[in-house]
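Work through these exercises with the sequence and the model side by side. Try each task before reading its solution.

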There are 2 protein chains.
Amino acid sequence: MGTTKKEHFTERQNEIAILAKALGHPARVAILDYLLKVNACICGDIVNELPLAQPTISQHLKELKNAGLIKGNVEGNAICYCIDEKGLGKLKDYFEIMMNTLEIKKNECC
Amino acid sequence: MGTTKKEHFTERQNEIAILAKALGHPARVAILDYLLKVNACICGDIVNELPLAQPTISQHLKELKNAGLIKGNVEGNAICYCIDEKGLGKLKDYFEIMMNTLEIKKNECC
DNA sequence: ATTATTTATCGTAATATTGCGATATAGTTT
DNA sequence: AAACTATATCGCAATATTACGATAAATAAT
């Protein structure tokens with residue numbers, strides 16, 4: 001018990017869930033916001049930008065990276081992080097399709 | 001410890017996180033998929049559609065509802081659930097803006 | 001070589017999530 | 001009213017997440 005029953009759902013459903021889950025924390029939304037704002041590989045800054053301890057941020061970065069929402073490259077003694085368009089694109093496509101389908105079907109409802 | 005430090009983030013970051021978190025489970029993605037597919041208020045069916053026990057599904061429905069992704073209306077002794085366009089729309093807008101900004105800025109990166 | 005800087009990992013406490021059996025609630029049917 | 005149907009809630013066990021201090025690892029600067 002306590003474990004998500006991934007095996008019962010489709011590949012796509014699991015993929016969307018993993019991506020959405022990675023964004024399911026305000027610190028991680030804030031990290032994406034920041035990476036987008038500065039528009040580049042960011043080496044270092046992130047820890048100073050957020051009101052969380054360094055190990056905590058490192059952990060959040062790892063989760064975003066594992067989910068495919070950011071990329072990280074070693075650059076000297078720092079690590080450069082930036083947005084991974086692929087992950088973000090998948091989510092954008094998903095919601096776009098959902099909303100389009102809703103509009104087409106008119107969502108006659110309650 | 002263990003609690004998310006919501007108070008340190010913006011209203012919008014928290015809102016996106018709450019919506020994304022609600023979709024951060026394949027069962028909940030599957031529920032949205034199903035509601036979209038049948039394109040109506042669904043009274044009853046959901047439990048038969050998913051490989052999870054009734055109390056578990058009830059819990060997932062509650063989370064989707066709390067996050068603002070679905071609506072539920074009492075209809076006789078059943079409850080009709082359907083997609084709430086507002087929540088889905090917010091996520092769609094968020095990802096659209098993110099991707100647009102990325103394109104404009106060209107995302108020069110690693 | 002020593003020191004400083006940057007990021008990751010370990011360990012751990014607090015809390016949250018997932019899943020479900022048992023049971024409650026509320027409306028429907030007979 | 002009794003039985004049935006649909007959904008919610010309670011309580012609990014298993015597991016996952018969040019946060020951070022301490023510490024490690026790896027490169028840079030002195």
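**Exercise 1. Classify B:E96 by its accessibility, then place it in the fold.**

Solution. Step one: take the relative accessible area of B:E96, which is 24%. Step two: apply the cut-offs; buried means under 20% relative accessible area, exposed means over 50%, and partly exposed lies in between, with a 1.4 Å probe and protein chains only. B:E96 is therefore partly exposed. Step three: find the element. B:E96 lies in helix α5 of chain B, residues 85-105. Helices are DSSP runs of H or I with at least four residues, strands are runs of E with at least two, and both are numbered from the N terminus. Step four: check a distance. The C-alpha atoms of B:E96 and B:I57 are separated by 30 Å, and the two residues are 39 apart along the chain.

A note on conventions: this is a predicted model, in which local features need pLDDT of at least 70 and side-chain atom pairs count only at pLDDT 80 or more, while totals for chains, interfaces and linings use all residues. Residues are numbered from 1 along each chain as its sequence is written, chains are lettered from A and ligands numbered from 1 in the order in which they are written, and side-chain values use heavy atoms, with hydrogens and water left out.

**Exercise 2. Is B:K62 buried or exposed?**

Solution. Start with the element: B:K62 sits in helix α4 of chain B. Its relative accessible area is 56%, so B:K62 is exposed. Now the distance. From the C-alpha of B:K62 to that of B:A22 is 9.9 Å, with their positions 40 residues apart along the chain.

**Exercise 3. Which backbone oxygen lies 3.0 Å from a polar atom of the B:N14 side chain?**

Solution. Locate B:N14 in helix α1 of chain B. Its relative accessibility is 13%, so B:N14 counts as buried. The backbone oxygen belongs to B:K6.

**Exercise 4. Describe helix α2 in each chain, then find the partner of A:R28.**

Solution. Begin with chain B. Helix α2(B), residues 26-38, has 13 residues and reaches 18 Å from its first C-alpha to its last. That is close to the 18 Å expected at 1.5 Å a residue, where the expected span is 1.5 Å times one less than the number of residues. Of its 13 residues 11 are buried, so α2(B) is largely enclosed by the rest of the structure. Among them are B:P26, B:R28, B:D33 and B:Y34.

Repeat for chain A. α2(A) also has 13 residues and reaches 18 Å, close to the expected 18 Å. Here too 11 of the 13 are buried, so α2(A) is largely enclosed by the rest of the structure. The buried residues include A:V29, A:I31 and A:L32.

Now the partner. A:R28 lies in α2 of chain A and is buried at 7% relative accessible area. Its side chain makes a polar contact of 3.1 Å with the side chain of A:E63. A polar contact is a pair of N or O atoms within 3.5 Å; within protein, one must be able to donate a hydrogen and the other to accept it, and residues adjacent in sequence count only if both atoms are side-chain atoms.

**Exercise 5. How many bridges join β2 to β3 in chain A, and which residues stand opposite each other?**

Solution. Count the bridges: 6 join β2 (residues 70-75) to β3 (residues 78-83) in chain A, and the strands run antiparallel. Two strands pair if DSSP finds at least two bridges between them. Next, the opposite residues. A:E75 faces A:A78, and A:V74 faces A:I79. Finish at the turn. The two strands form a hairpin with 2 residues between them, and A:G76 has a positive phi of about 65°.

Check chain B. Strands β2 and β3 of chain B pair in the antiparallel sense over 6 bridges. B:N73 stands opposite B:C80. In this hairpin, with 2 residues between the strands, B:G76 takes a positive phi near 65°.
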